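Reader: I am new to this structure and would like a close look at a single part, the surroundings of the ligand. Could you take me through that part step by step, in one connected account?

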Amino acid sequence: MSAQTRVVENVPKGIYVAGEWREARGGGSFAVEDPGAGRALCDVADGQAEDAAAALDAAVGVQPDWAATPPRERGEILRRAWQLMTDRVEDLALLMTLEMGKSLAESRTEVLYAAEFLRWFSEEAVRIEGRYAANPSGGSRLLTMKQPVGPCLLITPWNFPLAMGTRKIGPAVAAGCTMVVKPAQLTPLSMLALTGLLAEAGLPPGVLNVVPSSSAGKTVGPLMSDPRLRKVSFTGSTPVGKGLMEQAAENLLRVSMELGGNAPFLVFDDADLDEAVDGAVIAKMRNNGESCVAANRFHIAGAVAEEFAARLAERLGAMKVGHGAAEGTQVGPLIDGDQRDKVAELVDDAVDRGATVLTGGSAVEGDGYFFTPTVLADVPRSARILTEEVFGPVAPITTFGSEDEALALANGTEFGLVAYVYTQDLRRALRVAESLETGMVGLNTGLVSNAAAPFGGVKASGFGREGGVEGIEEYLSTKYVAVSIG
Ligand code: ADP
């Protein structure tokens, strides 16, 4: 049996409720596809509203016991799961590449990054603290304590099938919350593998319940209106996030939203150009460009723009495109035909308006959903690619004159997730970092993601933070006790 067949066969394909794998109500299933080959890999149980309800029943049932489980025990489960994930990096990476497309090297990096959230939150589980303070006017004491929010609904996207799960599951487990997870329809296999692994690590039945489904609305809708649910954490597109916010209003759920981005990549004329090009390759090409923190548009100081564009085109033009599991592949396929068509449409729109193609510029014929790494120079301000999230391997370049102009361009978007800034001038670096309307800034680096740091956005990119000491707060509520001591 090939390794590919083995890893797909070994994944549980059911609904996971109360510690058991089940068929979906009605016995239906949906196909999961390999986007690098355009063929089906396997079928997965197609969760229905009844399955989602059973999952929430299980989560609600064990919530009190789980909240009362010692933090150290909760943390050690996460620590064991981190160990299992790192031990099994090769199989998990291959599975991820098969369902999502990214190269094996990138999948390995994601598995380890995803595991890091489990390790980080295993350490945070034992640092949930309260306060004891004197009443400023005397006579009593003010006691605050942090308690688990309660049963959570966690909805994850397809682009980072493991990391977007562990950055929610890790803090929820650490905080003492139970949960129902709805993985992305396009990439449920990695989450199902993670589910089995967490059970092996000792997570008690009912704490984590997983409902893959071909219809998010059908499963998520009833959960959102169930008064027993206390929180929703969502990573995905801004329009779907807004819809969930409206639904969350009904029961006043706690909400964390990690939504779309339109990251600017600013290079000032005092930047180290070698470092800026290296950073641009990472910020643009990581995950085939299918990342909410991908550099979406490059604003380059006029004096260095031509050289930057030529060097970036050389680097992207030399990248090897192919099936993610093939030897030497650096750029895999896009997730599906719709995504490839959207990338092509945005490139065509820019070219029609006068942009110059320095490298790439088109989809690749044949099986799978490939698009060649592309650099566009002289992109006019009116081009759609500067305002819409491209989610593909395309780098549009425009120029700026002054620092004020660079900032106006960077902030001229409804989104506010991350911005990248290259400059060697310390004062400028801090001035610009302070003025950017984003939740994160990459300063002379093209990579911000880190389990120990608070990931998240402002404006239409959402709110709430994942990772860092902030990450667990999303799953805790504060109770205040007024204490009379007199
Ligand atoms: P993307 O496709 O870019 O990941 P989506 O917002 O479409 O962004 O999907 C992110 C996650 O949200 C997926 O798990 C998807 O199934 C889920 N989802 C999509 N539509 C809805 C909806 N109406 N209600 C709840 N979840 C949804």
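Author: In this predicted model, the shell around the ligand is made up of 10 nonpolar residues, 4 polar ones and 1 that is charged. Among the 15 residues that surround the ligand, the ones that come nearest are T156, W158, K182, F234 and S237, and three of these names return when one turns to the polar atoms around the ligand's oxygen atoms. At T156 it is the backbone that takes part, with one of its polar atoms lying 2.7 Å from an oxygen atom of the ligand. At K182, by contrast, the side chain is involved, since an N or O atom there is 2.7 Å from an oxygen atom of the ligand, and for S237 an N or O atom of the side chain is likewise placed 2.7 Å from a ligand oxygen. As for how far the ligand is covered, taken alone it exposes 550 Å², and of that area the protein buries 72%.

The wider setting can be described in terms of the pocket and the elements around it. The space that the ligand takes up is the largest pocket, and the elements that each give two or more residues to the shell around the ligand are helix α8, which covers residues 216–224, strand β10, which covers 231–235, and helix α9, which covers 238–250.

Terms used: Residues are numbered from 1 along each chain as its sequence is written. This is a predicted model: local features need pLDDT of at least 70, side-chain atom pairs count only at pLDDT 80 or more; totals for chains, interfaces and linings use all residues. Side-chain values use heavy atoms; hydrogens and water are left out. A residue is near a molecule or strand if one of its heavy atoms lies within 4 Å of it. A polar contact is a pair of N or O atoms within 3.5 Å; within protein, one must be able to donate a hydrogen and the other to accept it, and residues adjacent in sequence count only if both atoms are side-chain atoms. Accessible areas come from the Shrake-Rupley method with a 1.4 Å probe; for residues, only the protein chains shown count as cover. On a 1 Å grid over the protein atoms alone, a cavity is a set of points where a 1.4 Å probe fits but cannot get out, and a pocket is an open set with protein on both sides within 12 Å along at least five of seven lines; lining residues have an atom within 4 Å of a point. A molecule sits in a cavity or pocket if more than half of its atoms lie within 2 Å of its grid points. Helices (H or I, at least four residues) and strands (E, at least two) are DSSP runs, numbered from the N terminus. Ala, Val, Leu, Ile, Met, Phe, Trp, Tyr, Cys and Pro count as nonpolar, Asp, Glu, Lys and Arg as charged, and the others, Gly among them, as polar.
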